[in-house]
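Biologist: Here's a model I'd like to understand properly. Please pick out one part, look closely at how it packs against its partners, and then tell me how that fits into the whole.

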Amino acid sequence: MHYTKNRISEYQSGVEVLFRNSMDQEDVKSTVGKYGYGEAQLSRMYNLNRELSVLLDNIETAKRHKVRVYDEKNKLYESLKKDYMRYLKLARIALADNAGATAALILDGARARTKNEFILQMKAFISNLINNKEWLTELSVYNISADDIKIMDANLDELERKMRVCLEAQGQVRSLAVDKKRLLVQLQSYVSDYVKVVRIALEEKPKLLVSLGITVKNG
């Protein structure tokens, strides 16, 4: 019985049967007690498996949260990117002869390929535009108002907040995965030793071994 050779749910189910029946069946309980596995020890191993169940539930919850916050972040990014590209194209027309605006708003050239660099370009465009009423006036002929740019600025702040939330969610999933591995290794160590001892203790009682979920070896 090893967690690497079974689906985690099947492994946990097998471990629960192993220790629950060891505690519930008096013949097994009294026999393994002579080998150092008293009720307290059996309960501790049983509860460790229950602790693993809670941890696995927490991992699934954390994964769902991670998927949700990444989806929200990506949707906001795409919406913001769409608005930015539209305003950028119009700004290139309205401010074509303004070298200062072209430089400050990064109007020339291709957009950055990486998301972080692209966001920096958006940030420069938005912040510099908000602080220059003359450029905003030039853009107003295309029905772009200061309020439109301020909304983009607020959305950009929200995007950065969501990016931090995503990093936290990713970190939480990774942290729980580490806890899961630690708990599995600890539980497996107990299970491995216990099964070996039980095979010896119940060697003459194969039916009891089967009742614990332990395969009886022939020969």
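**A close look at helix α3**

Modeller: Reading from the N terminus, the elements go α-α-α-α-α-α-α-α. That makes eight helices and zero strands, and keep in mind that this is a predicted model. The part I'd zoom in on is α3, the helix that covers residues 39–94.

Let's start with its pairing with α7, which takes in residues 146–201. Two packed helices are described by the angle between their axes and the distance between the axes. For α3 and α7, the axes come within 7 Å and the crossing is at roughly 160°. Angles over 145 degrees count as roughly antiparallel, so that is the label α3 and α7 get relative to each other. As for the handedness, α3 goes past α7 in a left-handed crossing. If you sort the residues of that α3–α7 contact by type, you get 31 nonpolar, seven polar and 12 charged.

Now swing round to α5, residues 115–130. Here the axes of α3 and α5 come within 11 Å, with a crossing at roughly 50°. An angle between 35 and 65 degrees is neither roughly parallel nor roughly perpendicular, so α3 and α5 are oblique to each other. The crossing of α3 past α5 is left-handed too.

Zoom out and you can see what those helices sit in. The C-alpha trace spans about 95 × 30 × 20 Å along the principal axes of the protein. The radius of gyration is 31 Å, where a compact globule of 219 residues would come out near 17 Å.

One last stop is the empty space. Rolling a probe the size of a water molecule over the atoms shows where such space is left. The largest pocket holds about 160 Å³. Its lining is made up of R199, E203, P206, L209, V216 and K217. By type, that lining splits into three nonpolar, no polar and three charged residues. R199, one of the lining residues, falls within the 146–201 stretch of α7, which brings us back to the partner of α3 we began with.

Key
Residues numbered from 1 in each chain as written. Predicted model: local features only at pLDDT ≥ 70, side-chain atom pairs only at ≥ 80, totals over all residues. Heavy atoms only, no water. 1 Å grid on protein atoms, 1.4 Å probe; cavity = no way out; pocket = protein on both sides within 12 Å on 5 of 7 lines; lining within 4 Å. Points joined across faces, edges and corners; volume = space filled by probe spheres on them. Nonpolar A, V, L, I, M, F, W, Y, C, P; charged D, E, K, R; others polar. Axes fitted to C-alpha atoms, helices over the stretch in contact; angles between N-to-C directions. Helix = DSSP H or I, 4+ residues; strand = E, 2+ residues; numbered from the N terminus. Parallel < 35°, antiparallel > 145°, perpendicular 65-115°, else oblique. Left-handed = near helix turned anticlockwise from the far one by under 90°. Rg over C-alpha atoms; globule rule 2.2 N^0.38 Å.
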